[in-house]
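Trainee: I'm new to this, so please take me slowly through one part: the surroundings of the ligand and the sheet. I'd like to see how the pieces connect.

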Amino acid sequence: MELTQAMQGRRSIRGYKPDPVPRALLEDIIALASRAPSSMNTQPWHFHVLTGAPLEAVRKGNSERMLAGVPPQREIPDHGAYEGVHRDRQVGIAKQLFAAMGIARDDKERRQDWVMRGFRQFDAPVSVVVTFDKSVENQGTIGHFDLGAVTYGLVLAAWDRGLGTVINGQGIMQSPVVREHAQIPEDQVIMTCVAMGWPDETFEANGVVSTRRSVEDTARFVGFDE
Ligand SMILES: Cc1cc2nc3c(=O)[nH]c(=O)nc-3n(C[C@H](O)[C@H](O)[C@H](O)COP(=O)(O)O)c2cc1C
């Protein structure tokens, strides 16, 4: 697949077939993603690839804690509530997803169920927990930049092989659960997780194409018209 095609066609996948994903394929995807650039080639990332019983334990632990009202416990700073144009875009994608799924505004039960899917890692057969070395925390936010680069590489590499993904901030909102069942070493910080598996073509939200700001809106060109 051409890179342009992968970048254009990729979208978040939130409904999966239960079929397992071969370990060799996951190794191949991680190897390709690891070609991502990083600050001074520090490569501070780690991938904890969960399936089977440990993943089920994470789904269960996350769900129980969220339903019990346990406040989120992340290991990275919380982004808080978005405002202004960011809030507008957040509402925009939510409306697109709910419309695709046929979830009405006042259907509290299905809305709640939708939210809980994220805590269940979207019922995907695989969840990749992405962490970074605690030692780079003292270097400010540059490690976060590196993790973003490698995680985008991961989702593109997966897409290229026919696998769907969604980067899943919800999945690590109860990080102590993830830390326990994924057995994350003490010297690593949990950044995010990525649900991964074969897309379920019958799951309506998988067809949603999110909007993007135009180049005119995002970019300035300086010194071009002189
Ligand atoms: C850091 C990060 C966290 C995310 N967390 C979630 C999440 O918790 N639940 C979810 O459904 N999607 C999550 N997403 C996916 C975004 O909603 C999605 O990328 C965005 O709406 C654009 O849609 P697209 O990926 O289909 O292009 C996350 C994406 C990123 C980059």
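Mentor: Let's begin with what "around the ligand" means: a residue counts if its C-beta atom, placed from the backbone, lies within 6 Å of the molecule. Keep in mind that you're looking at a predicted model. By that rule, the residues around the ligand are Arg11, Ser12, Arg14, Ile93, Gly118, Val166, Ile167, Asn168, Gly169, Gln170, Thr192 and Ser210. Sort that shell by type and you get three nonpolar, seven polar and two charged residues.

Now for the sheet. It's an open one, built from four strands in the order S1-S2-S4-S3, with antiparallel pairing. Strands S1 (45-50) and S3 (164-167) sit at the edges with a single partner strand each, so one side of each has no neighbour in the sheet. On average, neighbouring strands are turned by 25° against each other, direction ignored.

Let's zoom in on S2 (residues 126-133). On one side, S2 pairs with S4 (residues 188-197) over eight bridges, in the antiparallel sense. You can find Asp133 opposite Gln188 in S4, while Val126 has Met196 in S4 as its bridge partner. S2 also pairs with S1, again antiparallel, over six bridges; there, Trp45 stands opposite Phe132 in S2. S2 is mostly covered, too, with seven of its eight residues buried. Here's a handy rule when you look along a strand: in a regular one, side chains alternate between the two faces of the sheet.

What packs against all this? Helix H7 (residues 175-182) lies across S1, S2 and S4, and runs at about 80° to S4. Then there's the largest nonpolar core, with 39 residues; Leu154 and Met196 touch the most other members. That core gets at least two residues from each of helix H2 (23-33), S1, helix H3 (52-67), S2, helix H6 (142-160), H7 and S4. Leu154 itself, if we skip neighbours within four places in sequence, is in contact with Ile29, Ala33, Val128 and Val194.

Next, pick out Gly171, in the loop between S3 and H7. Why is it called buried? Gly171 has 28 C-beta neighbours inside 10 Å, and the cut-off for buried is 20 or more. Leaving out neighbours within four places in sequence, the contacts of Gly171 are Asn62, Gly118, Phe119, Gln121, Ser127, Cys193 and Ala195. Gly118 should ring a bell, as it was in the ligand's shell. Gly171 and Met191 are 20 residues apart in sequence, and their C-alpha atoms are 10 Å apart in space.

One last loop to visit: Arg120 is found between helix H5 (108-119) and S2. Arg120 counts as buried because it has 21 C-beta neighbours inside 10 Å. Apart from neighbours within four places in sequence, Arg120 is in contact with Arg59 and Ser63. Try finding Val85 as well: Arg120 and Val85 are 35 residues apart in sequence and 29 Å apart in space, C-alpha to C-alpha.

Notes
Residues are numbered from 1 along each chain as its sequence is written. This is a predicted model: local features need pLDDT of at least 70, side-chain atom pairs count only at pLDDT 80 or more; totals for chains, interfaces and linings use all residues. Ala, Val, Leu, Ile, Met, Phe, Trp, Tyr, Cys and Pro count as nonpolar, Asp, Glu, Lys and Arg as charged, and the others, Gly among them, as polar. Two strands pair if DSSP finds at least two bridges between them. Axes are lines fitted to C-alpha atoms, for helices over the stretch in contact, and angles run from 0 to 180 degrees between N-to-C directions. Two residues are in contact if their C-beta atoms, placed from the backbone, lie within 7 Å. A nonpolar core is a set of buried Ala, Val, Leu, Ile, Met, Phe, Trp, Tyr and Cys residues joined through C-beta atoms within 7 Å. A residue is buried if 20 or more other C-beta atoms lie within 10 Å of its own, exposed if 12 or fewer, and partly exposed in between; C-beta atoms are placed from the backbone.
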